[in-house]
Amino acid sequence: MADRPFSGLFITGTDTGVGKTIVTAGIASVLRETGVDIGVWKPVQSGARAHDEGSDAMHLRSWSGVPDACEEIAPLCFEAPLTPYLAAEAEGKSLTMEEVIACGRPLMERYPALLVEGAGGLLVPLTPTETIADLAARLNLPMLIVARAGLGTINHTLLSVWYARELGIEVVGVILNQNNSAGVIDESVKTNASMIESYGGVPVWGVLPWINKPLERQHLTQLIQECVDIGQLCQWSHK
């Protein structure tokens, strides 16, 4: 468990590029608009520096509305588009779990609750011997899984749910994110949420639509309010 337990959610994905940053920032924006004092923390970012245009840290800041600097939101950033362990190693650095957690301590002390966004999926290597799942278990936060909405997501989502539970992590919900950039009709989207709930025993909080234009905070906030179970968000963000 982290030295100073705090409230919030750990948000992971079934893969990289499934929409964790959009979901994390959107949830934070909705909660902050309802008066919840909540921050966002990206423990490790690879593939960009904190202030790079289009970086996760930059999006988290602009879409969530938090006042924190990008370097505070993502205190450990590495340029190589690799797993955090290898991206850090490429810069001659070997991450430790203690260092990763210590870098988030200023945000833990600033906010009563945090949304913590992982990197990639649960089994992404973070240190020479530990993965993102180990960080989630160490922080002892309930987990929200972000997954693709289309074909194949049942298997990937259920595997993530199963592994998190094996580590003693409470999985409280799933949000599905549509990716229809190719314009292909995917019939599985109609039934994937109910199948995940039935086989995984976990509620699907909502399904976000494909976003085909530059995203702004107001639009994202509206999407989350319209498509996600806000009652579930408020319940778990305070625990």
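Let me start with a loop: Asn140 sits in the one between helix 7 (132-139) and strand 6 (143-148). Helices here are DSSP runs of H or I of at least four residues, strands are runs of E of at least two, and both are numbered from the N terminus. Phi of Asn140 is near 60°, which is a positive value in a residue other than glycine. Asn140 counts as partly exposed because its relative accessibility is 45%. For that term, buried is under 20% relative accessible area, exposed is over 50%, and partly exposed is in between, with a 1.4 Å probe and protein chains only.

A word on the source. This is a predicted model, in which local features need pLDDT of at least 70 and side-chain atom pairs count only at pLDDT 80 or more, while totals for chains, interfaces and linings use all residues. Residues are numbered from 1 along each chain as its sequence is written, and side-chain values use heavy atoms, with hydrogens and water left out.

Next, helix 1. This helix covers residues 20-33, and Lys20 is in it. Its 14 residues should span 20 Å at 1.5 Å a residue, and the end C-alpha atoms are 20 Å apart, so the two agree. The expected span is 1.5 Å times one less than the number of residues. Helix 1 is mostly covered, with eleven of its 14 residues buried. Among them are Thr21, Val23, Ile27 and Leu31. After the helix comes Gly35, with a positive phi near 95°.

Lys20 deserves its own slide. What is the nearest side chain of opposite charge to Lys20? That is Glu117, 4.6 Å away, and Lys20 is buried yet has no salt bridge. On charge, Lys and Arg count as positive and Asp and Glu as negative, while His and the chain ends are not counted. A salt bridge here is a side-chain nitrogen of Lys or Arg within 4 Å of a carboxyl oxygen of Asp or Glu. Not counting residues up to four places away in sequence, Lys20 touches Glu117, and also residues including Ile11, Asp15, Gly118 and Val146. Contact means heavy atoms within 4.5 Å.

So who does pair with Glu117? Lys42 forms a salt bridge with Glu117, and the closest N and O atoms are 2.9 Å apart. This pair links distant parts of the chain: Lys42 is in the loop between strand 2 (38-41) and strand 3, Glu117 is in strand 5 (residues 113-117), and they are 75 residues apart. Are these two residues buried or exposed? Lys42 is buried, because its relative accessible area is 3%. Glu117 counts as buried too, at 1% relative accessibility.

The structure holds ten salt bridges, and I will show two others. In one of them, Glu91 pairs with Arg49, the closest N and O atoms being 3.1 Å apart. Here Glu91 is in the loop between helix 4 (84-90) and helix 5 (97-103), and Arg49 is in the loop between strand 3 and helix 2 (56-64), 42 residues apart. Glu91 is partly exposed at 36% relative accessibility, and Arg49 is partly exposed with a relative accessible area of 30%.

In the other, the side chains of Glu72 and Arg110 meet at 2.8 Å, N to O. Glu72 lies in helix 3 (residues 70-73) and Arg110 in helix 6 (residues 105-110), so this salt bridge ties together parts that are 38 residues apart in sequence. Glu72 is partly exposed, with a relative accessible area of 32%, and Arg110 is partly exposed, with 36%. Elsewhere, salt bridges that share partners join Lys42, Asp56 and Glu117 into one network.

Back to Lys42, then. A polar contact of 3.1 Å joins its side chain to that of Asp56. A polar contact is a pair of N or O atoms within 3.5 Å; within protein, one must be able to donate a hydrogen and the other to accept it, and residues adjacent in sequence count only if both atoms are side-chain atoms. A polar atom of the Lys42 side chain also lies 2.9 Å from the backbone oxygen of Gly118. Leaving aside neighbours within four places in sequence, Lys42 is in contact with residues including Leu60, Ile73, Pro75 and Ala119.

Last, Ser46. UniProt, in an unreviewed entry, places the feature "binding site" at Ser46. UniProt positions are in the numbering used here, feature names are shortened, and annotations may be inferred rather than shown by experiment. Ser46 lies in strand 3 (residues 44-46) and counts as partly exposed, at 27% relative accessibility. Its side chain reaches the backbone oxygen of Leu82 at 2.7 Å.
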